[in-house]
Amino acid sequence: MLSIAYYWPVQEPYHSLNYGWNGCSKIADTTQNTTLILSYDQIPPESALLAIIGPGIEFSKSEGFAIQRFLESGGTVLLADDFGTGNGLLQRLGVAARFSGKPLADLLYYDRQWSFPLITDFSPSPVTTNITTVMMDNPSYIELGNSSQLTVIARSSTFSFIDMNRGNEPSVNTTLNSYPVIASVSVAKGMLVMISDPGIFVNEIVDLYDNMRLFRNLLAVGEGSLFLDVAHLSKAPLTDARIDFINAVDSIRNFLLYSMLGAFVQSAVTIAIILTLSIEILRKTRRGQETRQR
Amino acid sequence: MVLIVGLALPGFYLLAPWATALVSPVEPREYQYSRMQVRVSDAQIQAVLRSLAQTMNPDELSRLRDRLKGTVQLPFSDEDPLVSYLRVLSEFSDSMVQMETMIYDAQDALSSGDIQRAEVDLKQLRDLRAQTRPLSRSLPRLLNEGADYYKIDTAVQLQKLEELNGLFQSYSEQIDQLALEVETQQGLVSTKLSLNSSAPEVFVEEPLSVYGFLNMENGTALASKNVTISWGTNTTVNSVTDAKGRFDAAVSFPVGFPAGPTLIDARFEPQGPDSYVYVPTMSSLEIRVMYYPSVILATINPMNVRPLDSVEVEGNLTTPEGRPLESRTIQIHIDGTSVGDTETNASGQFLFGFSVPNTLRNGTHHVTVTFTAADDRYAPSNATLPFTLEFLPTQLEVAVDRASLFSGTKLTLDGSVSLANGTRWKYGHVAVFLDGLFYGNEAVGEDGSFLSVLEMPMGIPWGAHSVSVEYYPDESWVEESQATSQLFIYNTPLVAFAATGILAASSLAAYTMLRRRRAISLAPEQPQQPVLEERPPPREDYSPDRLTSLVQSESDEASKIRRSYRLAQALISDGLGESARESETHWEYFSRVTDKKPSLRDSLERLSELFELAEYSPYPIGRDQAREATEILLRLRDEIKAVK
């Protein structure tokens, strides 16, 4: 059972240890300075990017407060959500904008199907440096509310629409319009970047168009340190415990295999076993000789 | 054991998918990108075209262009007729926007008499028109192909294309008209216009005299012609040339006019019959508009402050000659952020007080006093005044409950925050870092102390580590501080592993020893048999020489002693009938024989001692001992013979 717990892959969507098509392992590997956040007792340092991708669990009051303090100290938060629990966090942070929760599609600017819209309308921003096209995966859009502090960074094309039929034919009276899909707001010294699609960063999509470049730009704003929220992902009950177990086994294994002290320990145990066996063999040999002598 | 492990592991891996699927969530694959097929439907096309038609208006060309600019990057096949239509429409709209702009530029060049520029613009327009005409002609065809391919109604689109084509025809006619005008102007008499001023710069509200001459190209003055002089936005004055072709006018710039260089234009636009004779011409003159200078001097008191302290800024605003400027507004900024304003009095003096904001960090900051000179004939001026914000320094003391511990156990940090003078400082919070990685926060209590319990990760490497604590105060004028402690951590799993290995090796050794002993103790008792004793020499060879010879035939001294003992046993067995038994020791044998024949005690005792030495002593046996054993053997021979 321990082998199953260790070897069976993590399959939760948007999980940084999920190497499947719907995981976020590629963005976790963009930097060596990556930390998984399992609880908000640990707040990232002020010069970091806190990435909350696809949250499915509500944020508590204390967690909202911790993220607020992180922003006030100058941190950068990436909140990528479409139909999850990101609105709860926005409310706790006092941000007027909301993820609409309605699926957005594009009848002209898309790849393969209109539920994968291509975004080409960007405003100048450190986040959009050298970006021409980003592909989204069944996104929503951002309702700006009455906030004048919000800056719209990217909008869908004027051929996009709210796809309430979910992939079926658009109705005759469907209104085509342009919707904001990426926006930012300054919170004290920090910055909150909202993207209305967590699927933009999954392994299958992130290498298409300029998706990975978008993430690298965000990482550069966070000065290269990445903190990934896995505490709010919808996951199986034992996943966190499994991850702890995997990390513990890897830690012991790496210590034994790759450290000098570990090599000494292995050598000592091996020598002890060899000596014991040798002594036993010698005793048997001597007893045999004595028996033959008699 | 090997069979169990060999069968169990594959069994686990075979059952693993079934077992873990019960608890492992998998997102449905219906939305997976790689499984999607390219999809285009009639309703989709209709919706796109319907939306496009709303912006295919002659006055919305730039918007149409912007909507379609990304179609070049669409990942669709070039053979798709709809994509071809959209890309051509994008190119067409872009060309039409360019054409509109260039027509305007060419008309402006013509009206200003710049024939050369007009000719260049006209050429570009003609080239652009040649590129755009085939686009305009191909659009209806492409649209019809798309309509046939997707079986859709494109009547509205076709109507819109007709309107756009009508606009294109209109532009084309304008280009032809421009060409005619250029040709016309090329046959007219060229004129020259010069423009000068009485000074290169002027203060606001002061008059400036400008003058110039209007001549034909050959230098002949043009008299009684109307020259329009303009400056700023829509400010003009007309002047008529005299007999020498000279014209003049007075120009002035009101308060509010932007300071710096500005252009004054003079134009000659032939009117009536002159329009068929003379080419329009214009000339520009650059002059500098200036405002009267002002000087602002100010001081700040005090210069070393703390947050919420009161500060005063006072100064005066004058001309460079010292004349005060009264009733002027002075704005006050701290590091670029406005904190208020004040007004100068009749002496040009001002005073402003403020409280130092508690949002500033410690260090040097700047107060800027600015005279913005809005609607004033005097130029703006400002002064920057530095001041230093000082924070209260703090000291952080941290103690750990032990300097070394095992991983997986808890470490208690006990600390306190105090000012430089030793007074405890309350509130704020501390952040705890383990090897530089953030671990947690703790609040500082009213007595300035805090307590934090850290649980060391089980997998933390063996060796030295550091725990650092950083203090973050609630008050902005209190400095942060930090302290670091060093620890040594023993990796518990490693210790357990090593201990297990040692225990396993020890157990294995102990087990083998015990097994050996048990084997010995459980060995079945052999029936007592007489010792295969030394076959005594025949009776006639019990002679001393024979006995000595047998002993001396041995190779070493210990063997000689053993041989002597065995021969003695043989003599006793032969003479007294007491044979040695395999199950008894040599001292048991001694006791049994001497009980029967006490007279043999001394000799047999000494010989048994020598035998014991030869058998068990780790030290080498000497020749004297071997000789003694031989002598005892001979003596025993005689004693046995005597008692027989």
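Two strands count as paired if DSSP finds at least two bridges between them, and strands (E, at least two residues) and helices (H or I, at least four) are DSSP runs numbered from the N terminus. This is a predicted model, in which local features need pLDDT of at least 70 and side-chain atom pairs count only at pLDDT 80 or more, while totals for chains, interfaces and linings use all residues. Residues are numbered from 1 along each chain as its sequence is written, with chains lettered from A and ligands numbered from 1 in the order in which they are written.

**View 1. Strand β13 of chain A sits between β11(A) and β14(A) as pairing partners.** On one hand, β11 (residues 150–155) pairs with β13(A) in the antiparallel sense over five bridges, with A:Val152 partnered by A:Ala183. On the other, six bridges tie β13(A) to β14 (residues 190–195), again antiparallel, and here A:Ala183 stands opposite A:Met194. β13(A) and β14(A) make a hairpin with two residues between them, and A:Ala188 in the turn has a positive phi of about 55°. Six of the eight residues of β13(A) (180–187) are buried, so the strand is largely enclosed by the rest of the structure. Buried means that 20 or more other C-beta atoms, placed from the backbone, lie within 10 Å of the residue's own.

**View 2. The largest nonpolar core has 110 residues.** Such a core is a set of buried Ala, Val, Leu, Ile, Met, Phe, Trp, Tyr and Cys residues joined through C-beta atoms within 7 Å. Among the residues with the most contacts inside this one are A:Leu49, A:Leu78 and A:Met194. Helix α4 of chain B (residues 81–111) gives the most to this core, with 13 residues. Apart from it lies another core, of 25 residues, including B:Tyr565, B:Tyr589, B:Leu600 and B:Leu633. Zoom in on A:Leu49: leaving aside neighbours within four places in sequence, its contacts include A:Thr76, A:Leu78, A:Val221 and A:Phe227. Two residues are in contact if their C-beta atoms, placed from the backbone, lie within 7 Å.

**View 3. Chain A meets chain B through 51 residues of A and 47 of B.** On the chain A side, α1 (2–7), β7 (113–119), α6 (239–258) and α7 (260–293) each supply at least two residues. The largest share of that side, nine residues, comes from α7(A).

**View 4. Three strands of chain B form an open sheet in the order β17-β19-β22, paired antiparallel.** β17 (394–400) and β22 (449–455) stand at the edges with a single partner strand each, so one side of each has no neighbour in the sheet. From one strand to the next the twist averages 25°, taken between axes that are lines fitted to C-alpha atoms, with angles running from 0 to 180 degrees between N-to-C directions. Seven bridges join β19 (residues 410–419) to β22(B), and B:Leu411 has B:Leu454 as its bridge partner there.

**View 5. Helix α11 of chain B has its buried residues on the same side.** These are B:Ser603, B:Leu604, B:Leu607, B:Ser608, B:Leu610, B:Phe611 and B:Ala614. They cover an arc of only 165° around the axis, judged from the directions from the helix axis to the C-beta atoms. An α-helix has 3.6 residues a turn, so residues three or four places apart point the same way. The buried residues of α11(B) pack against α9 (557–576), α10 (586–596) and α12 (623–643) of chain B.

Notes. Buried ≥ 20, exposed ≤ 12 C-beta atoms within 10 Å, placed from the backbone.
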